[in-house]
Amino acid sequence: DASAWRHLAELYWLVGDLKRALYCSEEAVIAFPKAAGTLCWHAELCVEAAEMELAVKYFSLAGEYAIDNDDEDTLQRVRKGLKKCTGVSKELEANL
């Protein structure tokens, strides 16, 4: 069940096990691929893991579904996350 995977992901994240948190979060996404909040949470974990390309992919999907469902809270998280990804990308480019 997706909520169990999401809950387990949050528990792993709380204890600092990002690798397992990502795995569980991905399982939640597989179970409910159109759940904007779950997609956004997975994207946020990807940012923490410095997986910016994946983060952008999942933030974009979350944004699409959030718009379809009129989910303003998730849209705000998506905007913030994409901004963070863009900022990191610009920082990396400046250091090259």
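The largest nonpolar core (buried Ala, Val, Leu, Ile, Met, Phe, Trp, Tyr and Cys residues joined through side-chain atoms within 4.5 Å) has 23 residues, of which Leu39, Val47, Ala55, Tyr58, Phe59 and Cys85 touch the most other members. At least two residues of this core come from each of helix 2 (18–31), helix 3 (36–48), helix 4 and helix 5 (72–95). Helix 3 contributes the most, with eight residues. Here buried means under 20% relative accessible area, exposed over 50%, and partly exposed in between, with a 1.4 Å probe and protein chains only. Helices are DSSP runs of H or I with at least four residues, numbered from the N terminus.

The model is predicted: local features need pLDDT of at least 70 and side-chain atom pairs pLDDT 80 or more, whereas totals for chains, interfaces and linings use all residues. Residues are numbered from 1 along each chain as its sequence is written, and side-chain values use heavy atoms, without hydrogens and water.

In helix 4, the buried residues are Met52, Ala55, Tyr58, Phe59, Ala62, Gly63, Tyr65 and Ala66. Beyond its neighbours within four places in sequence, Phe59 is in contact (heavy atoms within 4.5 Å) with Cys40, Ala43, Glu44, Val47, Arg77, Val78, Gly81, Leu82 and Cys85. Just after helix 4, Asp70 has a positive phi of about 55°.

Two of these contact partners of Phe59, Cys40 and Cys85, are set out below.

| Cysteine | Closest cysteine sulfur | Relative accessibility |
|---|---|---|
| Cys40 | Cys85, 10 Å | 0%, buried |
| Cys85 | Cys46, 8.8 Å | 1%, buried |

The count of disulfides (pairs of cysteine sulfur atoms within 2.5 Å) is zero. Cys40 forms no such bond because its sulfur is too far from that of Cys85.
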